[in-house]
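Hi everyone, thanks for coming. Let's have the structure up on the screen, and I'll walk you through it piece by piece.

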Amino acid sequence: MSKIKYFIMDVDGTLTDGKIYMGSDGELCKAFDIKDGCGIHDILLPAGIIPIIITGRTSKILKNRCREIGISQLFQGIRDKKEALDEILRKTGDTYNRVAYIGDDINDLCCMDPIKKADGLIGCPSDAAKQVKDLADFISAKPGGNGAVREFIEWVLDVSL
């Protein structure tokens, strides 16, 4: 297996518990696990792995969180996650086998499937959809928003470096 270069994450249900708190003016808040943020900022980045978020929703809260933990590649409001992934790889000349991807639901399968077939790494939280769990190389003991991303980061580093 090639060394992992990109660590791609979904947000709702992966970096968060999947609950969306809405007020009359839109999204009010999101809760992020501090261990996930530390894993991204203090483990992934120093290891030379690029954290990337591809998410279907758009959130100013998420933009602020990314700035705080050092994620510079944030793709929000993405309808076709695979198209976004392919564009990232096209620009860099890299391939799916350099990617670790963590997500929780069926809208992540379009990215997970080609990554898995190319011997990249797939992870998910413990409360992910069955179809995602069936495809995953790593299933966290923790649900989304509760350190599942951190567990996957540590596992990826153990198996790919």
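I'll go from the sheet to the core, then to one helix and one lysine. Please keep in mind throughout that this is a predicted model.

Let's start with the sheet. Six strands make an open sheet, and their order is E5-E4-E1-E6-E7-E8, with parallel pairing. At the edges sit E5 and E8, the latter being residues 138-139, and each of these pairs on one side only. Moving inward, E1 and E6 run parallel and are joined by 4 bridges; if you want a spot to look at, find Tyr6, which stands opposite Val99 in E6. E6 is also joined to E7, again parallel, through 3 bridges. There, Ala100 is opposite Leu121 in E7.

Now stay on E7, residues 121-124, for a moment. Which residues lie on each side of this strand? Leu121 and Gly123 are on one side, Ile122 and Cys124 are on the other, and all of them are buried, so both faces of the strand are covered.

Next, the core. The largest nonpolar core has 22 residues, and those that touch the most other members are Phe7, Met9, Ile40, Ile53, Val149 and Phe152. Elements giving two or more residues to this core are E1, helix H1 (34-44), helix H2 (60-69), E6 and H6. Which element gives the most? That is H6, with 5 residues. Apart from this core there is another one, of 21 residues, including Val99, Tyr101, Met112 and Ala129.

Two of those core names deserve a closer look. There are 4 aromatic pairs in the model. One of them is Phe7 with Phe152, a tilted pair with 5.4 Å from centre to centre and 45 degrees between the planes. This pair links distant parts of the chain, since Phe7 is in strand E1 and Phe152 in helix H6 (residues 148-160), 145 residues apart. Phe7 has a relative accessible area of 0%, so it counts as buried. Phe152 is buried too, because its relative accessibility is 0%. Ring pairs also bring in Phe138 and Trp155, so that these two form a cluster with Phe7 and Phe152. Beyond its sequence neighbours within four places, Phe152 is in contact with Phe7, Ala100, Tyr101, Ile102, Leu121, Ile122, Gly123 and Phe138.

On to helix H3, residues 81-92. At 1.5 Å a residue, its 12 residues should span 16 Å, and the end C-alpha atoms are 17 Å apart, which agrees. Its buried residues are Lys81, Ala84, Leu85, Asp86, Ile88 and Leu89. What covers them includes strands E1, E4, E5 and E6, along with helix H4 (109-117). Both ends of H3 have something to show. At its start, a side-chain oxygen of Asp80 comes within 3.1 Å of the backbone nitrogen of Lys82. Just after the helix, Gly93 has a positive phi of about 75 degrees.

Last one: Lys30, in the loop between strand E3 (26-29) and H1. Is this lysine buried or exposed? Its relative accessible area is 13%, which is under the 20% cut-off, so Lys30 is buried. What does its side chain meet? It makes a polar contact with the side chain of Asp12, at 2.6 Å. Leaving out residues up to four places away in sequence, Lys30 touches Asp12, Thr16, Arg57, Ser59 and Ile61.

That's my tour, thank you!

Methods. Residues are numbered from 1 along each chain as its sequence is written. This is a predicted model: local features need pLDDT of at least 70, side-chain atom pairs count only at pLDDT 80 or more; totals for chains, interfaces and linings use all residues. Side-chain values use heavy atoms; hydrogens and water are left out. The expected span of a helix is 1.5 Å times one less than its number of residues. Buried means under 20% relative accessible area, exposed over 50%, partly exposed in between (1.4 Å probe, protein chains only). Contact means heavy atoms within 4.5 Å. A polar contact is a pair of N or O atoms within 3.5 Å; within protein, one must be able to donate a hydrogen and the other to accept it, and residues adjacent in sequence count only if both atoms are side-chain atoms. Rings of Phe, Tyr and Trp (its six-membered ring) pair if their centres lie within 6.5 Å; planes under 30 degrees apart count as stacked, over 60 as edge-to-face and the rest as tilted. A nonpolar core is a set of buried Ala, Val, Leu, Ile, Met, Phe, Trp, Tyr and Cys residues joined through side-chain atoms within 4.5 Å. Two strands pair if DSSP finds at least two bridges between them.
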